[in-house]
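Hi,

Here is the structure I promised to pass on. Have a look at it first, and then read my notes underneath.

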Amino acid sequence: SAAGVELDGWLAGLRQKADGSLARLELLPGALYKDKSWKWHRLLRPYVLHVIAAACGLPLTTLLVGEDRSLAFEPMSVEHAAGVLESWLEAWQTGMQTPLPVALKTSLAWLQDNNDDKARGVYEGGYNLRGEVQGSASLARQFADYAALTADGQFQLWSGQLYQPLLDSHPQALDEDAA
């Protein structure tokens, strides 16, 4: 429970390591790495489960195996995970009242480079590049272009609150033998 919201669920894929600690293994189809960077948008869902587990007092190692790379999210402290989760749940509550000016791939691009032109390109697309807004009817309805997405000045705030923890997680690339 956090921010007036109660989460209830289960974790699949748990394994006990030789030292007694827990690990969660997930196989992801497709590539996890491109252009010398993680495909962060593909790592978000497993990372959310990783944070929730730690916030519930179950710090574990999350192992992701993609077609091209394998990686590990190391265990988090309960306190850090609880803070991240509470922040996410507060954002969810706010998002239930009004659409949040945030878009996953665009936010990640902006957070990594702090570059509005690059983020605009990710959101709106360009020559032979489909923008994130074209793939989402709800984004197109609420925020037709990057200017609309960033108009109230909240885009950077929500991007940081929702996605900076993922970028700060520093997943470790694994050798094939380690995964």
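Below is what turned up, starting with the aromatic rings, then a strand and its neighbours, and finally a serine in a loop. Please keep in mind that this is a predicted model.

**Aromatic rings**

Searching the whole structure gave 5 aromatic pairs. One of them is Tyr 33 with Trp 38: the ring centres are 5.3 Å apart and the planes meet at 85°, and since an angle over 60 degrees counts as edge-to-face, that is what this pair is. As for how much of each residue shows, Tyr 33 has 24% relative accessibility, so it is classed as partly exposed. Trp 38 comes out at 12%, which puts it among the buried residues.

Tyr 33 has another neighbour worth a look. The charged end of Arg 69 sits over the Tyr 33 ring, 3.8 Å from the ring centre.

Then there is Tyr 146 with Phe 155. Here the centres are 5.8 Å apart with the planes at 75°, so this pair is edge-to-face too. Are these two residues buried or exposed? Both Tyr 146 and Phe 155 are buried.

You can also pick out a cluster, in which ring pairs link Tyr 47, Phe 73 and Trp 88.

**Strand S5 and its neighbours**

Next, find strand S5, residues 61–65. Of its 5 residues, 4 are buried, so the rest of the structure largely encloses this strand. Which strands does S5 pair with? One is S2 (residues 22–27), which runs parallel to S5 and is joined to it by 5 bridges. If you want a place to start looking, Leu 27 has Val 65 in S5 as its bridge partner.

The other is S6 (residues 70–73), which is antiparallel to S5, with 4 bridges between them. In that pairing, Leu 64 stands opposite Leu 71 of S6. The connection from S5 to S6 is a hairpin that goes through 4 residues.

**Ser 136**

Last stop: Ser 136, in the loop between strand S8 (129–130) and helix H5 (137–142). Its relative accessible area is 18%, and because the cut-off for buried is under 20%, Ser 136 counts as buried.

What does the Ser 136 side chain contact? Its side chain makes a polar contact of 3.2 Å with the side chain of Ser 138. In addition, a polar atom of the Ser 136 side chain lies 3.1 Å from the backbone nitrogen of Leu 139.

Cheers

Note on methods: Residues are numbered from 1 along each chain as its sequence is written. This is a predicted model: local features need pLDDT of at least 70, side-chain atom pairs count only at pLDDT 80 or more; totals for chains, interfaces and linings use all residues. Side-chain values use heavy atoms; hydrogens and water are left out. Rings of Phe, Tyr and Trp (its six-membered ring) pair if their centres lie within 6.5 Å; planes under 30 degrees apart count as stacked, over 60 as edge-to-face and the rest as tilted. Buried means under 20% relative accessible area, exposed over 50%, partly exposed in between (1.4 Å probe, protein chains only). A charge sits over a ring if NZ of Lys or CZ of Arg is within 6 Å of the ring centre and within 35 degrees of the ring normal. Helices (H or I, at least four residues) and strands (E, at least two) are DSSP runs, numbered from the N terminus. A polar contact is a pair of N or O atoms within 3.5 Å; within protein, one must be able to donate a hydrogen and the other to accept it, and residues adjacent in sequence count only if both atoms are side-chain atoms. Two strands pair if DSSP finds at least two bridges between them.
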